[in-house]
Amino acid sequence: MTELPASPYPAAAPGAPGTAPTWCSSAKQMVGCALGPSRLWFTIGSGIVNEVYYPRIDIPQIRDLGFIVADDKGFWVEVKRLDRHELKTPGAGIPAVQVVHRHERFTLTLRVVPDARRDVLLVQLQLEGDPELRPYALLAPHLGGTGHDNHAAVAQYRGRRVLWAEQGPFGLALAAIDRDQEDCWGPCSAGYAGVSDGWQDFSRNGALRWRYAEAGPGNVALTGALPRHATLALGLGSSKESAATLAVAALLQPFDGLWERQRLDWSRWHALNEQRCVLPPDLPKEVHDLFLTSAMVLRTHQDKIYPGAMVASLSVPWGNTRDERGGYHLVWPRDLVECAGALLALGAVDDARNVLRYLMATQKSDGHWYQNQWLGGKPFWHGIQLDEAAFPVLLAATLADEDALDGIEVRSMATRALAFIVRNGPASDQDRWEEDTGVNAFTLAVCIAALVAGAPFLPSEARDFALAVADYWNARIEDWTTVSDTPLARRAGVTRYYVREGFVPTDGDDGDLLHHALPIKNRRHDPGLPAAEQVGVDFLQLVRTGLRRPDDPVIRDTLTVVDALLRVVTPSGPSWYRYNGDGYGEHSDGRPFDGTGHGRAWPLLNGERGHYQLAAGQDPLPELESMVRMAGVGSMLPEQVWEHPPLPGRGLYPGRPSGSAMPLAWAHAEFIKLVVSRCQGAPFDRSNRVWQRYHGEAPEARVAIWLAQAPLTTVAPGQRLLVCLREPATVHWGVNGWQNVRDTPTGEATLGHFNAELAIEGLEPGATVEFTCRSRRDGTWLGRDFRITVQAAPDTRPRE
């Protein structure tokens, strides 16, 4: 191509700062990275490169790198809008990607692979067909995770033409060579997105007519003409010059060599996993292939600067409609431990240990973790979810049970986390779906399991207290989270069922909390459903953790209700909504979720249902096969699937991925764990210690636990009563209207509480216990009295 002079263009593009930036669609077809030291992660969507992350997995640096094919006479096609392409890899779970775009006049083949040793992504392209056509590259920098305040330029760098950009401490450069490794950029231009960028030029002029040397600050874009065979290198660095150095160096090696190294590195990695995690030979090929892909997805979602940190997804849900800074490329402790469990199922013990180390390094001093955070520990959202305090303890306990802690001292972490759970439970400010306050069966099951599995990390007195709390909460699950004789129960023909969110009754309650409306915050108009009319799938965690049997009558009744309200049949198989009334998903007409919408079916819930079926003695293979069919192109598992009639104009088809996050690392982790659980005949992540303590049965709690945030109002005859306070105090108490008054001091601090046991075992049903408290620090009285009634609380759960 003709060599450009040093400064052929006007100085600056018009139209600053450009249109409001957005991200690409979250419908990724592939994600990948190199297994070498390269600190770069890439995604593929619509057949082109989407977000590329560097130097951490939580910082996207571009929106996309796409291509136009044109004849410079008015004909032009942006290949990502063709929607006629095929994606291939050298094998399942190997992130070296070939995409073939087809049109009546041309075939454009792209091969995408990272450099294992440099922070560079390479794209080889070959255009075949009409000889009058040529390709153009379009690059949208979003350096530092934002489309604002970027600077872009067409420049010469040490004798080579590059397209580069900078913003803050980050720079990128896009270099290109032909088959002779010669610089091969043709006409190029920088511009402002939506105003003076290359796409707008083609849209208005049918060819690349504009020649602008630079654009910025703003939402900028770069465009350049290429020969019909070329290799591009997108380099990332701390400046545009350092990025250009890396890009050019990466181009001075055979592309096929980089491709082969990527194939071999990942093939060896999978072979090592298969030595550690032997699968049955009769596993269907499509399930085995998705197992390999899921393993790759989890490995790709791990960071290299913060070992053990994993983001929830390399995507921004409905990203093509918004400029959300965080997206899903953040760390959720729950998702992270769910993924660590899958790493353990793969035999990747070192990786799971690094997850634990990372979690311990980011635990707050009071024992909990942020709702989600950037990799370095800075919070994004600040909600409190008790399961996210419990999951790290379960991970530590699992490693300890396998004698795999490798010197990690976890006592302090576990003690603080369990103390936080006891100080705040059994109700959580948010459930696992990050919405309402209450007693959620999933959250409570995880917390009880953590108290039992983590008890060995505690000193003896604290251990006994943790187990007493676990037993008491376990015994009260149905009291707090089930209802009976409701209109819904009568319609479903059941006796009793678990609700989405339950409550701990207190003295000031009217005793009818479950019949009050529970807000659904992601609906444009809250339907005002009472808590008793809202059900979800979270109760299945009671079976998975070993707290309830799969044939427990209340479990089976709730399955009946859930399948009537939440089960949806798609061409890919059945799946489930999170809960009735959910609004997290596209609107019914396919418009993207905008803070409100309509909830969709979640493939990971197929994995949870499969774990229930396994515990119930059924083969969960149908759920695995449904998850396979719900995967997108490239076998990426989505967060949600569309379940209504097709809307081709919005790319929505029943049983296929919606516009939510894809891939969702948690969904891939659930798939892996279900495959391994099926091989083992029991849930892989069920704690043996929890199973041995409960065997799926609610215990008879010998000790009733009174907590400030959960002040019980009744005890059973013969139960001991433990009053647990936040500071040292004297419990002043009497019986049957303040008779036989006495004082009982609290003992030493245990899991953040000062406990006093009241000797009430001999009281008959109908007796009352009254008490108040006086601080031993300043002598002040609590200021109110509490009353507890001794009664034989009937077990209303139906028995067979």
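Colleague: Which helices each supply at least two residues to the lining of the largest cavity?

Modeller: Those are α3 (255–276) and α4 (285–300). Bear in mind that this is a predicted model.

Colleague: How do you find such a space, and how many cavities of 30 Å³ or more are there?

Modeller: The general idea is that rolling a probe the size of a water molecule over the atoms shows where empty space is left. Here the structure holds 3 cavities of 30 Å³ or more, and the largest has about 60 Å³ of space. Its lining is made up of H270, N273, E274, C277, L279, F291, L292, A295 and L346. Sorted by class, that lining has 6 nonpolar, 2 polar and 1 charged residues.

Colleague: On to strands. What should I know about side chains in a regular strand?

Modeller: In a regular strand they alternate between the two faces of the sheet. Take β31 (residues 768–775), where 7 of the 8 residues are buried. This strand pairs with β27 (residues 729–735) in the antiparallel sense over 7 bridges, and W733 has F771 in β31 as its bridge partner. β31 also pairs with β32 (residues 786–790), again antiparallel, over 4 bridges; there E770 is matched with R787.

Colleague: And which residues have the most contacts inside the largest nonpolar core?

Modeller: F67, F106, L226, W473, F671 and L721, in a core of 242 residues. Helix α9 (residues 441–453) gives the largest share, 12 residues. Another core, of 22 residues, lies apart from this one and includes V120, A153, A243 and A247.

Colleague: What does F67 touch, leaving aside neighbours within four places in sequence?

Modeller: Among its contacts are V77, V79, L108, Y136 and L226, along with E78.

Definitions and conventions:
Residues are numbered from 1 along each chain as its sequence is written. This is a predicted model: local features need pLDDT of at least 70, side-chain atom pairs count only at pLDDT 80 or more; totals for chains, interfaces and linings use all residues. Side-chain values use heavy atoms; hydrogens and water are left out. A nonpolar core is a set of buried Ala, Val, Leu, Ile, Met, Phe, Trp, Tyr and Cys residues joined through side-chain atoms within 4.5 Å. Buried means under 20% relative accessible area, exposed over 50%, partly exposed in between (1.4 Å probe, protein chains only). Contact means heavy atoms within 4.5 Å. Two strands pair if DSSP finds at least two bridges between them. On a 1 Å grid over the protein atoms alone, a cavity is a set of points where a 1.4 Å probe fits but cannot get out, and a pocket is an open set with protein on both sides within 12 Å along at least five of seven lines; lining residues have an atom within 4 Å of a point. Grid points are joined across faces, edges and corners, and a volume is the space filled by probe spheres set on the points. Ala, Val, Leu, Ile, Met, Phe, Trp, Tyr, Cys and Pro count as nonpolar, Asp, Glu, Lys and Arg as charged, and the others, Gly among them, as polar.
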